[in-house]
Amino acid sequence: MTRRAGPLFPVLLALALFGGVVAAPGRTPAVGQTAGAPQKLFLRENDLTARLRAWAQAIGRDLAQLAMGHDADQAIGDLGRRRLEFAGNLRALRQRDRGAEEYWPITPEIERYLTEVEAVWPELDRMIGEAITWGHLTHSEALTFDAAAERLDTGLDGLQAAYRAAAIDYGVHSVILNAIAVAEEQRVLSQEIGKTFILTRYGIDAPENRERLAAAVATFDRDMGGLVEGDPERGLIAAPTDDIRREFTAAQAIWSRLRGALQIDAAASLDA
């Protein structure tokens, strides 16, 4: 089955194209390399890291469903697929960075956080494998996974920041790059909203997860508005082209309906 790209994907592409790539002063491209090659690489790696973080959030949501016994067969199938996707793309990230070193250096920050992610993933991979094998997850096992997943998220956040810093160093306009980063974070927040909504709906650590859900919804709402209209305090410019504004406006309309549904369900849960 072909998976359709989410509404934010065209926006990310349009922003990347709008931002362009300009070689930083003093940087000389290697023979056969264009001046914009480093920026393109680091933007690509930044986007792949954002996808890894989204996959990690989705894996956490699948495990939460498994722990609750909700649609276990579907959760196990999704876990197996996302586990392979995460592992394969993490290897690809390392291999591309190694290949790039022939032309330009990978920064110590990139190496540090990529190594951290590579160190945490085997532990999570083992737990995912056991959950798939046994077909269930206990509450204590879910808590253990969450603790490890937090370390993975921290490493991926650091890795994204390192790629963005490297791209800026090679001359990408920081305002455009910031808009791309915030749009990517919206994708991660949507996964967080889905996960915490499921946990709250089924009464698992409900007060804590209700707070996490409210915080994720508020951040998503604030940044969606900033991406469309601009937000100087966040370093966000208003959507710079008609195409980008159109895509963001479409995503904003979908979010408005979803936000209303979340509020209705939250009110119903409190009344229950």
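**Salt bridges and helix packing in an all-helical model**

With a relative accessibility of 26%, Arg83 falls in the partly exposed class, since that class runs between the 20% limit for buried residues and the 50% limit for exposed ones. This value, like the others in this passage, was computed from a predicted model. The side chain of Arg83 makes a convenient starting point, as it meets that of Asp125 in a salt bridge, with 2.6 Å from N to O. Arg83 belongs to helix H3 (residues 72-100) and Asp125 to helix H4 (residues 108-134), so this pair ties together parts of the chain that are 42 residues apart in sequence.

A step back to the whole chain helps to place this pair. The fold contains eight helices and zero strands, and its elements read α-α-α-α-α-α-α-α from the N terminus on. Of the 272 residues in the chain, 43% are buried. Contacts across the sequence are well represented: among those between residues at least 6 apart, 76% join residues that are at least 24 apart. The accessible surface of the chain amounts to about 13800 Å², and carbon and sulfur atoms account for 55% of that area.

What else pairs by charge in this structure? The search of the whole structure returned 19 salt bridges. Side chains of opposite charge can pair when their charged atoms come close. Within helix H4, Glu130 forms a salt bridge with Arg126, and the closest N and O atoms of the two are 3.3 Å apart. Glu130 and Arg126 are four residues apart in that helix, about one turn. An α-helix has 3.6 residues a turn, so residues three or four places apart point the same way. Both partners count as partly exposed, Glu130 because its relative accessibility is 37% and Arg126 because its value is 45%. Salt bridges also link Asp62, Asp78, Arg81, Arg82 and Glu85 in a network.

Another charged pair joins Asp146 to Lys195, with 3.5 Å between the closest N and O atoms. Here Asp146 sits in helix H5 (residues 139-169) and Lys195 in helix H6 (residues 174-201), so the pair ties together parts that are 49 residues apart in sequence. The two partners fall into separate classes of accessibility: Asp146 is partly exposed at 26%, whereas Lys195 is buried at 7%. Lys195 also has a neighbour from far along the chain, as its C-alpha lies 7.5 Å from that of Ala58, although the two are 137 residues apart in sequence. Ala58 is placed in helix H2 (residues 37-68) and counts as buried because its relative accessibility is 1%. Setting aside neighbours within four places in sequence, Ala58 is in contact with Arg82 and Gln191. Of these, Arg82 is one of the residues in the salt-bridge network described above.

Asp146 and Lys195 return in the description of the second largest pocket, which has a volume of about 500 Å³. Which residues lie nearest the centre of this pocket? They are Ala142, Asp146, Lys195, Leu199 and Arg212, out of 29 residues in the lining. Helices H2, H4, H5, H6 and H7 each supply at least two residues of that lining. Helix H5 gives the most, with ten residues.

Helix H4 also carries Trp121, which counts as buried because its relative accessible area is 8%. Not counting residues up to four places away in sequence, Trp121 touches Ile59, Arg83, Phe86, Ala87, Leu90 and Ile128. The list includes Arg83, the partly exposed residue with which this passage began. As for Phe86, its C-alpha is 9.2 Å from that of Trp121, while the two residues are 35 apart in sequence.

Helix H7 (residues 206-229) completes the picture. Its 24 residues reach 34 Å from the first C-alpha to the last, close to the 34 Å expected at 1.5 Å a residue. Residues buried in H7 include Ala206, Asn209, Leu213, Ala216, Val217 and Phe220. Further along the helix, Asp223, Met224, Gly226, Leu227 and Val228 are buried as well. After H7 comes Gly230, which has a positive phi, near 95°.

Note on methods
Residues are numbered from 1 along each chain as its sequence is written. This is a predicted model: local features need pLDDT of at least 70, side-chain atom pairs count only at pLDDT 80 or more; totals for chains, interfaces and linings use all residues. Side-chain values use heavy atoms; hydrogens and water are left out. The expected span of a helix is 1.5 Å times one less than its number of residues. Buried means under 20% relative accessible area, exposed over 50%, partly exposed in between (1.4 Å probe, protein chains only). Contact means heavy atoms within 4.5 Å. Accessible areas come from the Shrake-Rupley method with a 1.4 Å probe; for residues, only the protein chains shown count as cover. A salt bridge is a side-chain nitrogen of Lys or Arg within 4 Å of a carboxyl oxygen of Asp or Glu. On a 1 Å grid over the protein atoms alone, a cavity is a set of points where a 1.4 Å probe fits but cannot get out, and a pocket is an open set with protein on both sides within 12 Å along at least five of seven lines; lining residues have an atom within 4 Å of a point. Grid points are joined across faces, edges and corners, and a volume is the space filled by probe spheres set on the points.
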